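Hello,

Here is the structure I promised to pass on to you. Have a look at it first, and then read my notes below.

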Amino acid sequence: MMELENINHFLESFFSLYDCPIDRPEKNLFSIQLNRELDEALMNRPFYWHYMDKLGQQGAPMTLKLNTDPESEEKGFEWIHFGSPRLQQIFSYIQQQAMYTLLYEKSDGVTKTALYPWLVGNIKVSYLGKQKKEEIFSIGLHLINGIMLNNMMKKLENIPFQRVMSDYSYTLSPIIKPPSGFYRIFQYIENEISTHDNSWAIASLKTLQEEKELLDYFFQHNKDVQEFYENEERHLTERLEPKIEISIINAGLFYLSAQTVQKLIQTLQ
Amino acid sequence: MQIPKTMDKEYISSFTEVTESPAKLCSWELFQKSYQIAETMKVSDFNQLVSPSFLPKMDFLPHQIECAERVIQEMNGRALLADEVGLGKTIEAGLILKEYLMRGMAKKVLILVPASLVNQWALELSQKFYIPAVTARKRVNWKEANIIITTLDTAKKGKHQEEILNQSYDFVIVDEAHKLKNHQTKNFAFVQALKKKYLLLLTATPVQNKLTDIFNLISLIKPGYLGTYEEFVKTYRHQQKKIDDDPYLKQLVNKVMIRNRRKDTGVQWTNRHIDTIWVDFSEEEQQFYNTLEQFFQSSSHVSGVTYKREFCSSREACYLSLKKWINLNEKAENTPLLEMVKQIEHLPHHAKAKKLVDLVKQSNEKFIIFTEYRATQIYLQWMLQQENIKSVLYRGGFKKGKKDWMRHLFQNYAQVMIATEAAGEGINLQFCHHLINYDLPWNPMRLEQRIGRIHRFGQENDVQIYNFAIRNTIDEHVIELLHHKINLFENVIGQLDQILTKLELNDLDDEVEKIFTESKSIGETKIKLDNLASVIHSINDEEKVGEA
């Protein structure tokens, strides 16, 4: 499971990532000294920063006080939980900051290490019809030999990556270029999807059919509102016609050592 | 089956370029977090609601969850919620809204509610659903704010209206939607003109087989289906068609309306205990009452019903309206009326008021007292004051801020709230479970609304209702009819409402008033009221058989 389960861990690691000092008077209480970046992202006061910049002043980022325990009603601390606007705000900030990456596996910095290029794509498939359902694929593609792996994020979970290459490491260049890599990944996902149960789509079409019959019945009486009829029919189709949207949560180029590649491929066999 | 698929091609074409500019690249930790977030927030099941698991403090009732599911899955987010009073329509609407917000299917939201409910909606959305809504009074940025609560009156004012109609809303809620029943009003035209994807109309007034109501509400939810009003009326009314005769129309109604009844919810409601508190007039009072009755019986052109009812409430209420009548009728100068007004001035404290003070004094509980008359309201406050019982007043005409303040005072400081009729709508007082009908309205809907203020979700205690009535007066007949004959207090109003529709009686109070006015004697009044009660009974039994 790659889901976030513990909100305390999440907050601790997120704010540490941005080097914001955290004070925790209790296990469930967080008093976070924001930096400018996060203040701008979370505190919703663009004018403040606008004027500070105009005055040539540094400005003082705020302290954010959060409480993760629904039972405690600590004064001055806002309750944060899955579904609270504050957490949603942090989520969407992260999602928007983490669309792309380029990472190198860390090595000891002494041995000469070749790094192999992988494309890692986290893909969201949305099944849209009467209702909505989502499925997430995490796919890794070896950009030299074309080997493809599923559950890639899980497999890479404990591998140390960094944004700069370690000393004495060097990269091999991809033979498969990332754009065509993405198409291979899409191809794979489409194949996967085609084996899925499609009763949801059939049910959607049936509802669409029913709604259209109802529409036809009522509009047979008043033909003079043709435009209205067409509009409504279009809306119905838009809403009910089953379709699948394949979108990218995030993706990146990952350079992995031969050793790691070996391990990954072993799990495949 | 071929299902059309779309792919995010833009991302791919930007990828190569972006990976060459380090500023847009993120760390391994953040990359992982983003993926985890997507896993956490994904909608993994077609059928299940996502939001309840994110609202750990809420305890939804089965019919509320079911309602939200139906609206989302079967009605595509366009529906009329017509639950009986007190079943939690606001909760249902909040849940539906939350679900759309969490699934990322709605961002821009407009909520139109009566002025008295604006703050309550904002409070409930933020406290129960963590939905941050802006309440709009005068100045508001319709473009920038995502979730706005306002009134129809504010929204349809010139400059606002123009701005609002320029916005594209994902989600619109209209509370108390019976205000949209008439398709010729500005309200209706305004809501119709809003650009909206999802639409919830909330009303407690049941839409029965009344075709015109159905026409208007369906026209908002499913525009165009029923054609123009004139055509619709021609097809259905003139051919004497009923909804049941037209399977398509019936299907259409089922596709847009949800109506939960108390008895279908399967919820254990706290009980209602009803006591009638009988009061005898003092001798002087009874004498005066008789004089009043005789006087109006002899003057054939005015009905004395109003004055008698008032006198059963307080000297003050009767005094004021007698005075008013005298001022309007100069000829009255030499009538016994002037004498009667003088008599009122000398009467002792009202027997009912004394009884009320006794009742409240003996208890430490909070009481909400309803009266029909403002004069009585003020008199009762004065009476309670004499015993050092703190009370607050509440009227429909109060400004919103004052209403909120009064509710706050009642909850935290005062033992008693004295409210006039107009307080009926909107205020929630679950923290109180004693209600006194100091005088009775003759309209059952209003009675139910009174009780609905305290007997609703969140009420943890049994609700105690006291009906005050004075023996040997008009009070006695009314309580007999409403309470003992048609069990109004035990019956839920929805049923009675249906019965009245069947009888083609719009208002029970009009009917009762007619009986009082037109009857020549007490005996006649009694017989007529009995007849009315037994008609209602027979239909009620018939309904029950039909349901079983």
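Below is what I found, starting with a sheet and moving on to the aromatic rings.

Please keep in mind that this is a predicted model.

In chain B there is an open sheet of seven strands, paired in parallel and ordered 4-5-3-6-7-2-8. Its edges are strand 4 (134-135) and strand 8 (257-258) of chain B, each of which pairs on one side only. Strand 4 of chain B is joined to strand 5 (residues 147-150) of chain B by two bridges in the parallel sense, and B:Val134 faces B:Ile148 there.

Now to the rings. Over all chains, the structure has 31 aromatic pairs. One of them is B:Trp28 with B:Phe31: the centres are 6.4 Å apart and the planes at 25°, so this pair is stacked. Both residues belong to helix 2 (residues 28-41) of chain B, three residues apart, or about one turn of the helix. B:Trp28 is buried at 4% relative accessible area, and B:Phe31 is buried at 0%.

Another pair, B:Phe281 and B:Phe311, has centres 5.3 Å apart and planes at 45°, so it counts as tilted. This pair links distant parts of the chain, 30 residues apart: B:Phe281 sits in the loop between strand 9 (272-279) and helix 12 (283-298) of chain B, and B:Phe311 in helix 13 (residues 305-313) of chain B.

In chain A, one aromatic cluster is formed by A:Phe10, A:Phe14, A:Phe15, A:Tyr18, A:Phe91 and A:Tyr93. Also in chain A, A:Arg45 lies over the face of A:Tyr48, 3.9 Å from the ring centre.

Enjoy exploring!

Best wishes

Technical notes: Residues are numbered from 1 along each chain as its sequence is written. Chains are lettered from A and ligands numbered from 1 in the order in which they are written. This is a predicted model: local features need pLDDT of at least 70, side-chain atom pairs count only at pLDDT 80 or more; totals for chains, interfaces and linings use all residues. Side-chain values use heavy atoms; hydrogens and water are left out. Two strands pair if DSSP finds at least two bridges between them. Helices (H or I, at least four residues) and strands (E, at least two) are DSSP runs, numbered from the N terminus. Rings of Phe, Tyr and Trp (its six-membered ring) pair if their centres lie within 6.5 Å; planes under 30 degrees apart count as stacked, over 60 as edge-to-face and the rest as tilted. Buried means under 20% relative accessible area, exposed over 50%, partly exposed in between (1.4 Å probe, protein chains only). A charge sits over a ring if NZ of Lys or CZ of Arg is within 6 Å of the ring centre and within 35 degrees of the ring normal.
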